[in-house]
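Trainee: I am new to this structure and would love a close look at one part of it. Could you walk me through it slowly, beginning with the general layout?

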Amino acid sequence: MPERLTDRMTGITAGALLALMIHCNSLLAQHTTPVFASWAAHGTGALVALTLVLLTTRRRAPTTTDKRQPAQPAKKAPRWAYLGGIPGALTIMLAAITVNQGLSLAGTIAMMLVGQIVFGLVSDRFGLFHSPKRRLTTTDGLAVLCTLAGSTLIISGGHP
């Protein structure tokens, strides 16, 4: 299969899986709370990841005739990397809240758009993920204000 077709099919499959996951999570949040739905989603994901690791990792005892080099110890991740699940949990909770509103898809997209822009600006300002640091400009502020205003209109525009 050509590489471009494989990439497209992977993207379509990932998008469909994300939509299904948001739907299931929002349904759970509708019957419980967004916090419980987020915990359930992360717990399920952790169990699936652990199962996949256990199923795909072959264990074998080292032999004396093994010519391979011993594995080098893995470099430790920086402490801030362990906080990566917090934005994911907040995203799941916000998605569950917005999907259960009257403007389900529009509200979810608006909240995600605002989050992406703000995170991008913070990353640019502090040089996160080895990106070059840069000062924020007035144009950046105007872009955030316009996006926030548009998102507010989308979310609250359909309600009296």
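Trainee: To start, what pattern does the protein follow when read along the sequence? After that, please take me to the place where helix H1 and helix H3 come together.

Mentor: Happy to! Please keep in mind that this is a predicted model. Read along the sequence, the pattern is α-α-α-α-α, and the secondary structure amounts to five helices and zero strands. Of the 160 residues in the protein, 12% are buried. If you take the contacts between residues at least 6 apart in sequence, 54% of them join residues at least 24 apart.

Now to the part you asked about. Helix H1 covers residues 3-31 and helix H3 covers residues 85-99. Their axes come within 9 Å and cross at roughly 75 degrees. An angle from 65 to 115 degrees counts as roughly perpendicular, so that is how H1 lies to H3. On the H1 side, the contact is made by Ile-22, Asn-25, Ser-26 and Ala-29. H3 brings Ile-92, Ala-95, Ala-96 and Val-99 to it. Sorted by character, the residues of this contact are six nonpolar and two polar, with no charged ones.

Let us stay with Asn-25 for a moment, a residue of helix H1. Its relative accessible area is 9%, and buried means under 20%, so Asn-25 counts as buried. Leaving aside residues up to four places away in sequence, Asn-25 touches Ile-92 and Ala-96, both of which belong to the H3 side of the contact. Asn-25 also touches Ala-37, Ser-38 and Ala-41.

Before you go, here is something to look at elsewhere in the chain. A search of the whole structure finds one aromatic pair. Phe-119 and Phe-129 form this pair, which is tilted, with 6.1 Å centre to centre and 55 degrees between the planes. Phe-119 sits in helix H4 (residues 104-126), while Phe-129 is in the loop between H4 and helix H5 (138-156), ten residues apart. How open are the two rings' residues? Phe-119 has 46% relative accessibility and so counts as partly exposed, whereas Phe-129, at 54%, counts as exposed.

One more ring is worth finding: the charged end of Arg-125 sits over the ring of Phe-126, 5.8 Å from its centre.

How values were computed: Residues are numbered from 1 along each chain as its sequence is written. This is a predicted model: local features need pLDDT of at least 70, side-chain atom pairs count only at pLDDT 80 or more; totals for chains, interfaces and linings use all residues. Side-chain values use heavy atoms; hydrogens and water are left out. Rings of Phe, Tyr and Trp (its six-membered ring) pair if their centres lie within 6.5 Å; planes under 30 degrees apart count as stacked, over 60 as edge-to-face and the rest as tilted. Helices (H or I, at least four residues) and strands (E, at least two) are DSSP runs, numbered from the N terminus. Buried means under 20% relative accessible area, exposed over 50%, partly exposed in between (1.4 Å probe, protein chains only). A charge sits over a ring if NZ of Lys or CZ of Arg is within 6 Å of the ring centre and within 35 degrees of the ring normal. Axes are lines fitted to C-alpha atoms, for helices over the stretch in contact, and angles run from 0 to 180 degrees between N-to-C directions. Angles under 35 degrees count as roughly parallel, over 145 as roughly antiparallel, 65 to 115 as roughly perpendicular and the rest as oblique. Contact means heavy atoms within 4.5 Å. Ala, Val, Leu, Ile, Met, Phe, Trp, Tyr, Cys and Pro count as nonpolar, Asp, Glu, Lys and Arg as charged, and the others, Gly among them, as polar.
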